[in-house]
Amino acid sequence: MNRVEILENLKRCARCGKCRAVCPLVAEEKRESSGARGKVEVIQVMEEGLDFPPGELSSFFDNCLLCGRCEVACPNRVETVSLFAQARSHIAGKQGLPLGKRAFLAASTAPGLAWSIAAKAGNAVARAFLEKIPSESGIFYRIPSFLPSGGRLIPRLPGKSFLDEKGVSLERGVEDSPLLFTGCVFNHVYPEVLVDAVRHLEGAIPPREQTCCGLPAYAAGDMERAYSAARKNISIFSRGSGPIYVPCASCLYTLREVYPRLFAGSEMEREAREFSARILPLEEALAPSRFSGTGVLEGVRVAFHRPCHLKLFPKVISGVYTLLEELFGDRLVRGEWDDACCGFGGTFNISNYATSSRMGERKIALAAEKGVDIILTSCSGCIHHLRESAARSGFPVKVLHLSQVVPAARVDT
Amino acid sequence: MSSLERRIRDIFGERCSFSLTERVAYSFDATRQRAIPDCVVFPENADEVGELFRVARESRIPVVPRGAGSGFSGGTVPVSGGVVVSFERMDRILDIDEVNLVARVEPGVVLGNLQSAVESMGLFYPPDPSSRDFCTIGGNIAECAGGPSGFKYGVTKDYVLALDNVLPSGEFLRTGVETVKGVVGYNLTSLIVGSEGTLTVVTGATLKLLPKPEHVETLLIGFRSTEEACRGVNEIIRKKVVPRTIELIDSTAVECVREFSPVDIPDGAGAFLLIDVDGFESDVKAQVRRVKEAVTSLPVVSLQVEEDPDGRESLWALRRAISPSLLKVNPTKINEDITVPRARLPEVMRRVRELSEETGIPIVNFGHAGDGNVHVNIMIDGDDPAQVKKAEEVLREIFALTVSVGGTISGEHGVGISKKPYIGMELSPRQIEVMKRLKRLFDPDNILNPHKIFPD
Ligand SMILES: Cc1cc2nc3c(=O)[nH]c(=O)nc-3n(C[C@H](O)[C@H](O)[C@H](O)COP(=O)(O)OP(=O)(O)OC[C@H]3O[C@@H](n4cnc5c(N)ncnc54)[C@H](O)[C@@H]3O)c2cc1C
Ligand code: SF4
Ligand code: SF4
């Protein structure tokens, strides 16, 4: 976001307060400064030249999930997420990175450190794979934070990443075959999700050369890495022209919403827009009419956790409900709480660990209270965080990706 | 740490902030005016507010109450610094009494949360400002907020039975009754409702509830022009029907939403009335018939009735699409909420249109036509001093016209700092003097939300 765009966004914000009503942190902390409007005002004041005591700004802007709910609710279409990412970047440049993120940079620039941390954390197989995880990846962003807090769950990294096994080097000429964007958490940590995802995508190709969507870097204010991830993905996927299915809501948001903003006004703008226009949520491939209903996971009660980053797609959300109702009938537990944020927020989970954990554990406790056995969702961040929260709080609630329970069999009519 | 800071920390512990970021976050409201306070505190009970006043009085520092900061008149902007008292943490609904039909709440309760809670019990709290999802009851009481349903059900003042207050001396004052009636002594509760947080700080309220109307239907009626729509309002009222709402969407507003409209805008429709009727189902059907009859004397362009929630919602989406679409006209919106006797509405709207044509400044009007309350939005580029000056002249003329037909320059947003320069156009010097004496009586040291309402 360049300066002109920042100023335009600041001007567009009417300070109406509508975003207060949807912000998970305003609800949690009951403070204006936790929400978008308070942050917009602080950016405005920074723009006008007021100096803040060193250190105050970074913790202030860290306190945001970058969940994008405020953007979706905003009547004036203020691009708050971009404003806040930009503010983080500005602060990182000026005042040094806050501890958690400095550790990240060290890890990503000196892979040796990351290995040793992972190895220390008791995961020997991790070592070989960490080398291959793109440095923009959210996995890297999390690892440094294992250092201070002992109680963290580290997913056991599987032997081989999904793309190692199933990735296809994308040659020109694949034309309009559907493509799969894996996302790095699914690719490296939960490849089984992708194995299930492709069952729903006939003939889909997962391009081997794809990289992290760049959201973790963007959220950490590390614009350079965010740009390089975006450029690489756009160029790889431009070798084909088919729809690009994305199983993770956070990647989806980044590829669809953030990329065009990154390149707005640049020579890559058109290419970025064309790329984004091809991005589809994997849920689109799970159209209810394609399945025979009922009988799935007999006796099990499920709930849908609505990822914040899926908010931009209200039709997809209602489609998921229709599908789950068809499959599970009254074993689908529905309520307002479906919409409660899990509190992950990527870098937020590092910088504001206590709040993040509290929100996740509360969601799990609610699910348990309502007799839910499995929470279904479609965001790698939510899955990771909710699993950790379930393990911590000891409730026997499982967390799975939608594609893992929805049967792929077509109805023959 | 100054001794003042220490004393405030002694009262509030962790629940106060002196950091610049936090103070900036509490420096403004929806008018975008800004003044940075010295500190923000988050009380959890009235005692803490009382103690704060004792400190503030000794040190002569201003105390400014704040709900959600969604005010449209700068009421919570701490113009001379001091302590902003945020009620975000006093947000409990203490009791909903189904027999006495009252709710007891803390001031920081978000209006929409109260409404959902009472509606889930088959009850109804009617005041419905469009900010319902985020504004607080404390702010509603201070501004006497209203909304579309005001036509049938009145505004906040009609639902406040009793208040728990803290006086600027730090003493507690309970006002009002818990009953439907009560005439012992002066009605201090009505004095405090609408006093814009300048007389007392409200720390609790007992609110009147109604049974929730069983059935609601929505009509969207298209007219050729704004004036004809306004005549439509009067025809409906002449037929002795009282819809819950009669909202006007004028021709300029229609133009703004035409492109993005969630519903089809028929050719030739220059203005709309959006009408909700409620009650028992059979009664609603009869009312809808009456409304239709009432408007047949006018050249109606379109008429649509919806009764299921989704259909109704799609009609209301038209109304809600207006506000954000205004930015397409011009970047700065001067949003006024004049209210006139409704019989005078057609002529007032005509003059507003002429003013817009004469000056070339777009003026978009919509709002609660049933109440004669219209949101007049003067759209300019605030960075252009010539336009700002012209808008100021237009504004003065609209206010003068409003007062001359027996109206008021603010139906629901309050004076705050935004309308301070204009109150003399409506109030006599004697009225202002009596009000200032009242202010001195409540707040002799002028520490509670100073420099608001009255020109200094
Ligand atoms: C998009 C939008 C739509 C709106 N629509 C309407 C509408 O339809 N109708 C309408 O009437 N208004 C409307 N408003 C204006 C505003 O929402 C109302 O005035 C509302 O009542 C303000 O509530 P708040 O909690 O935001 O108060 P704030 O803005 O925080 O404060 C408003 C005033 O109340 C005082 N105050 C707050 N809490 C207390 C307390 N506990 N004790 C004493 N004083 C207190 C403050 O000092 C200030 O003077 C709208 C605003 C927006 C942004
Ligand atoms: S970001 Fe949007 S919703 Fe939030 S205060 Fe600004 S204009 Fe309103
Ligand atoms: S991105 Fe999410 S957490 Fe951050 S201000 Fe917006 S709604 Fe709140």
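**A friendly note on this predicted model**

1. Let's start with a small sheet in chain A. Three strands, placed in the order β4-β5-β6 (chain A), make up an open sheet whose pairing is parallel. In chain A, β4 (302–304) and β6 (398–401) are the edge strands; each has a single partner strand, so one side of each is left without a neighbour in the sheet. From one strand to the next, the twist averages 30 degrees. Please keep in mind, here and below, that this is a predicted model.

2. Now look at one pair within that sheet. β4(A) pairs with strand β5 (residues 374–377) of chain A in the parallel sense, over three bridges. Which residue of β5(A) is the bridge partner of Phe304(A)? The partner is Leu376(A).

3. Next, the cysteines. A disulfide is a covalent bond between the sulfur atoms of two cysteines. How many disulfides are there over all chains? The count comes to zero. Cys135(B), for one, is in no disulfide: the nearest cysteine sulfur belongs to Cys16(A) and is 12 Å away. A pair would have to lie within 2.5 Å to count as a disulfide. Cys135(B) has 4% relative accessibility, so this residue counts as buried, given that buried means under 20%.

4. Cys256(B) deserves a look too. Why is the sulfur of Cys256(B) without a bond to the closest cysteine sulfur? That closest sulfur, in Cys74(A), is 17 Å from the sulfur of Cys256(B), which is too far for a bond. Is Cys256(B) buried or exposed? With a relative accessible area of 7%, Cys256(B) is buried.

5. Chain B also offers a pocket to explore. The second largest pocket holds about 920 Å³ of space. It is lined by 32 residues, and the closest to its centre are Gly194(B), Glu196(B), Ser410(B), Val415(B) and Met435(B). The elements of chain B that give two or more residues to this lining are α5 (137–143), α7 (188–192), α14 (423–426) and α15 (429–442). Which of the elements gives the most? That is α15(B), with three residues. By residue kind, the lining of the second largest pocket divides into 14 nonpolar, eleven polar and seven charged.

6. Finally, return to chain A for a glycine in a loop. Gly17(A) lies between α1 (3–12) and α2 (24–29) of chain A. Its relative accessible area is 1%, so Gly17(A) is buried. Try finding Arg37(A) as well: Gly17(A) and Arg37(A) are 20 residues apart in sequence, and their C-alpha atoms are 6.5 Å apart in space.

Definitions and conventions. Residues are numbered from 1 along each chain as its sequence is written. Chains are lettered from A and ligands numbered from 1 in the order in which they are written. This is a predicted model: local features need pLDDT of at least 70, side-chain atom pairs count only at pLDDT 80 or more; totals for chains, interfaces and linings use all residues. Side-chain values use heavy atoms; hydrogens and water are left out. Two strands pair if DSSP finds at least two bridges between them. Helices (H or I, at least four residues) and strands (E, at least two) are DSSP runs, numbered from the N terminus. Axes are lines fitted to C-alpha atoms, for helices over the stretch in contact, and angles run from 0 to 180 degrees between N-to-C directions. Buried means under 20% relative accessible area, exposed over 50%, partly exposed in between (1.4 Å probe, protein chains only). On a 1 Å grid over the protein atoms alone, a cavity is a set of points where a 1.4 Å probe fits but cannot get out, and a pocket is an open set with protein on both sides within 12 Å along at least five of seven lines; lining residues have an atom within 4 Å of a point. Grid points are joined across faces, edges and corners, and a volume is the space filled by probe spheres set on the points. Ala, Val, Leu, Ile, Met, Phe, Trp, Tyr, Cys and Pro count as nonpolar, Asp, Glu, Lys and Arg as charged, and the others, Gly among them, as polar.
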